[in-house]
Amino acid sequence: MSAVYEEENKKLVEKTKRSEEIYKESVEVTPFGVHSNYRAMDPYPIYFTKGKGSKLWDADGNEYIDFHMAFGVLVSGHSHPVLVEAMKDRIANGTILGFEFEDSYKLAKIVCERFGVDMVKFSTTGGESTNYAVRFARAYTERKKILKFEGCYHGFPDSFLVNVKPTVAKAGHPRFPNQVPASKGILEEAVKQTLIAPFNDLEAVETIMKKHGNEVAAIILEPIPMNMGYILPRPGFLEGLRKIADEYNSVLIFDEVKTSGKFYRGAAGYFKVKPDLVTMAKAVAGGYPLSLVAGKKDIMNAVVPGAVSHAGTFNSNSLVITAGIVTLSKILTEKAMNEATKLSRMLAKGYEDIINDAKIHALVKWAGTSGTVHFTKAKKIENWRDFLTTDVARWFLYTVIMLNRGIVPSALGPDEQWTISVQHTKEDIAKHLEIFKEIAGHVRKLDIEMPIVEAI
Ligand SMILES: Cc1ncc(COP(=O)(O)O)c(C=O)c1O
C-alpha cells in the first residue's frame, strides 16, 4: 500500500472530524448516512453546509473550489445572485399553488425555442423524466422493448437499471452483452424488455434491431455518456441511430438530463441531430428540482388524460418554474455558456499538458462545460468496456489529495466529470491546475489495484 495514499487518507479524516460525528448520528437513522447511494463514502461521507459562487464549505468549515457542482446541476454556480433575488419574491408569494401556475407556459416556450422542440411536459427529477419519455414512447408505438446502451445511466426506474456498471464476468460478450440487473429488487420482466448495445457500435445496434426492431418502442441514450466519464459519440453514430430509429419506427430519445447544461442548445443542438423526445433536468432550473420531457407534437399530444399517465404533485410548481425562467433567460445565456466553455477548455488543456509532462497514463475528454480525466493506459475510451480499463486507485488518490488541498476536482467517482459554472473564474481554473501540477508526481507513482464497484 502506498505511503502517500495512507497519509493523504489520514489527512482527510483529520480535517473532517465534524463529518465523522455527523456520520455517527446519521447511520443510526439512515443506512450509510446518505440519501442517495452515490454519496456514500469510505470511511464516511463528508457533510457540507454551504455553497456560494464557485465555492463550497464542509461541516468543519473547510473551504473548497467546487468542480463537482452537484453532479452537473449547478452550471449557474451556487446561489446565483440573480436567482436568489427572484426566488425571494416567489417564496413570499406561495411555493406551490395546487393549480397550474400562470407562468408554466412561459418556461415551456423558452424551452421550445432554445432546444428546438414542439411541446413540453414538466416533472421534478431526471429519473421521472426518462421514465415518462419511455412510457410515452411505449404508449405511442404500442411496443414493449427499449434499447439502451451499456454504461449509460437514466435514473432510478427499473427499466434503466440494466447494464449500468456490469462486470465482464456477468455481461459477457462486448458487442452483444447479457442483460445484467444493476440492483436487487428489480422485476425480471423489466430487465427482459431492456435490450443492451455497446455505445458507439452502430453495427451491433443494427444487428439487434434486425432481430427485435419491430418490438422496440424506443432507443434511449445519453448523447454524450456522462456516467462512464466523458464519452464522445463517434462521428456519424448519432446520425446512424436517427436512421435506424426511423427505419423501425422506434422513438429516438436523447436523455439530456446532464448534457442540456453542457451546451447552449443541448447535445442535440451541438451535434445537430434531432431526437423524437428529449429529457432534461439538473442545470435547467439553476439548482431547483425541475425536469422535463419534450419533443414532437404527435407523440406529446398522445399523452391524453385517462389514456397515458403523466402526473406529479410537485410538477411545475411556482418555485421551479420561476427558477427555470430566470436560469434559462438570464443566467445560462449563450454568452455566459461560451465563457464557461472557454474555462472548461483551459482546464482540459492544462490537464493535458501536466499529464504529458508528468508521464501519467490518462486521457482527457471534454466538450462544453464538462470533461473527465480518465486514468487509463488505454488509447481510447469509447464505451463501457473501454471504461473498465480505468485505474480506480489512481483516481481515488488524485481526488483525496485534491480535496486535502481545497479542490473538489469533479463529481465523486471516476465515472463522473467536472462542471464549470458561469461563476467560476480564470483564477479558480489556475488554482485547480496549480495544485494538480504539484501532486502529479504522486499520482504517477501510485501502484494499487482497486476494482470498479458494480452496484449503484
Ligand atoms: C443522464 C442521466 N439521466 C438521468 C439521471 C437521473 O436524474 P435524477 O437523479 O435527477 O433522477 C441522471 C442522474 O445523474 C443522469 O446522469
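This briefing describes the overall build of the chain, the surroundings of its ligand, two of its helices and several individual residues. The model is a predicted one, and the chain in it has 17 helices and 14 strands. The radius of gyration is 22 Å against the 23 Å that the globule rule gives for 456 residues, so the chain is as compact as a globular protein of that length.

**Overall build**

- Taken along the principal axes, the box filled by the C-alpha atoms of the chain is roughly 60 × 55 × 45 Å.
- Of the 456 residues in the chain, 50% are buried.
- When contacts between residues at least 6 apart in sequence are considered, 73% of them join residues that are at least 24 apart.

**Ligand surroundings and helix 6**

- The ligand is surrounded by 14 residues, and the closest of these are Thr125, Gly126, Gly127, Gly155 and Val257.
- Sorted by class, the shell around the ligand holds four nonpolar, seven polar and three charged residues.
- Helix 6, which covers residues 126–141, gives the most to this shell, contributing three residues.
- The end C-alpha atoms of helix 6 are 23 Å apart, which agrees with the 22 Å that its 16 residues should span at 1.5 Å a residue.
- Gly126, named among the residues closest to the ligand, is also one of the buried residues of helix 6, a list that further includes Glu128, Ser129, Thr130, Asn131, Tyr132, Phe136 and Tyr140.
- Glu142 follows helix 6 and has a positive phi, near 55°.

**Helix 17 and its packing**

- Helix 17 runs over residues 426–445, and its 20 residues reach 29 Å from the first C-alpha to the last, close to the 28 Å expected at 1.5 Å a residue.
- A kink of about 50° is present in helix 17, and its centre is at Ile439, a residue that is itself among those buried in this helix.
- The other buried residues of helix 17 are Asp428, Ile429, His432, Phe436, Ala440 and Val443.
- In an α-helix there are 3.6 residues a turn, so residues three or four places apart point the same way.
- The cover over the buried residues of helix 17 includes strand 3 (63–66), helix 14 (334–358), helix 16 (392–404) and strand 13 (407–408).
- Val443, which lies in helix 17, counts as buried because it has 24 C-beta neighbours inside 10 Å, where 20 or more are required.
- Once neighbours within four places in sequence are left aside, Val443 is in contact with Ile360, Arg394, Leu397 and Tyr398.
- Val443 and Asn62 are 381 residues apart along the chain, and their C-alpha atoms are separated by 23 Å.
- Ile65 belongs to strand 3 and is buried, with 22 other C-beta atoms within 10 Å.
- Not counting residues up to four places away in sequence, Ile65 touches Asp428, Lys431 and His432, and also Ser54, Lys55, Gly406 and Ile407; Asp428 and His432 are among the buried residues of helix 17.
- From Ile65 to Asp276 the C-alpha separation is 38 Å, and the two are 211 residues apart in sequence.

**Backbone geometry in the loops**

- Most residues other than glycine have a negative phi, and most peptide bonds are trans.
- Asp42 and Pro43 are joined by a cis peptide bond, with omega about 0°, and Pro43 is placed in the loop between helix 2 (17–29) and strand 1 (48–52).
- Phe32, located in the loop between helix 2 and strand 1, has a positive phi of about 60° although it is not a glycine.
- The surroundings of Phe32 contain 15 other C-beta atoms within 10 Å, so this residue is partly exposed.
- Asn200, likewise not a glycine, has a positive phi of about 70° and is found in the loop between strand 6 (194–197) and helix 9 (202–212).
- Asn200 is buried, because 20 other C-beta atoms lie within 10 Å and 20 is enough for that class.

**An exposed loop residue**

- His173 lies in the loop between helix 7 (168–171) and helix 8 (188–192), and it counts as exposed because it has 10 C-beta neighbours inside 10 Å.
- The C-alpha atoms of His173 and Val303 are 38 Å apart in space, while the two residues are 130 apart in sequence.

Technical notes:
Residues numbered from 1 in each chain as written. Predicted model: local features only at pLDDT ≥ 70, side-chain atom pairs only at ≥ 80, totals over all residues. Near = placed C-beta within 6 Å. Helix = DSSP H or I, 4+ residues; strand = E, 2+ residues; numbered from the N terminus. Nonpolar A, V, L, I, M, F, W, Y, C, P; charged D, E, K, R; others polar. Expected span 1.5 Å × (residues − 1). Bend = angle between axes of the 7 residues up to and from the residue. Buried ≥ 20, exposed ≤ 12 C-beta atoms within 10 Å, placed from the backbone. Contact = placed C-beta atoms within 7 Å. Rg over C-alpha atoms; globule rule 2.2 N^0.38 Å.
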